[in-house]
Amino acid sequence: MAYNLKFSARALREIGEAREWYESQSPGLGEEFIAAMELQLKRLEQAPLLYSEVIPGVRRALLPRFPFGLFYVVRGNLVHILAVLHDARNPNRWPKNR
């Protein structure tokens, strides 16, 4: 079964910020970040339950090559991407209204 992806406004903002930062470090690196993100999203569409819960009900899928994790919940056939955080950030500091 293929799952549908839905992104929070926060996740979209964080993806854009990370892409811009990587691009400012080295031309083309931002696009490599997006390619790694797209690869992981394709995996989530196929098998989101492969990744473990890091907070009750919230799972994390790490990006290849980049120190970021996709934090998401699975509800039926929907994968809701809540946030895209650098590994150095603490996801327990999220607002409680996720």
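**Close-ups of helix 2 and the cores**

**View 1. The exposed side of helix 2.** On one side of this helix, opposite the buried residues described in View 2, Lys42 and Gln46 are exposed. The model shown here and in the other views is a predicted one. Helix 2 runs for 18 residues, and from its first C-alpha to its last it reaches 26 Å, close to the 26 Å expected at 1.5 Å a residue.

**View 2. The buried side of helix 2.** Turn to the buried residues and you'll find Leu29, Gly30, Phe33, Ile34, Ala36, Met37, Gln40, Leu41 and Leu44. They sit on the same side of helix 2 because they cover an arc of only 160° around the axis. What do they pack against? The buried residues of helix 2 meet strand 1 (4-7), helix 1, strand 3 (58-62), strand 4 and strand 5.

**View 3. The largest nonpolar core.** This core has 21 residues, and the ones touching the most other members are Phe33, Met37, Leu44, Phe66, Phe68, Ile81 and Val84. At least two residues apiece come from helix 1 (9-25), helix 2 (29-46), strand 4 (68-75) and strand 5 (78-86). Helix 2 gives the largest share, with 7 residues.

**View 4. Met37 and its contacts, plus another core.** Skip the neighbours within four places in sequence, and Met37 is in contact with Ile15, Leu63, Leu70 and Val84. Apart from the largest core lies another one, made of 7 residues, including Ile55, Val58, Val73 and Ala83.

Key:
Residues numbered from 1 in each chain as written. Predicted model: local features only at pLDDT ≥ 70, side-chain atom pairs only at ≥ 80, totals over all residues. Heavy atoms only, no water. Core = buried A, V, L, I, M, F, W, Y, C linked by side-chain atoms within 4.5 Å. Buried < 20%, exposed > 50% of the residue type's maximum accessible area, 1.4 Å probe, protein only. Helix = DSSP H or I, 4+ residues; strand = E, 2+ residues; numbered from the N terminus. Contact = heavy atoms within 4.5 Å. Expected span 1.5 Å × (residues − 1). Arc of directions from axis to C-beta.
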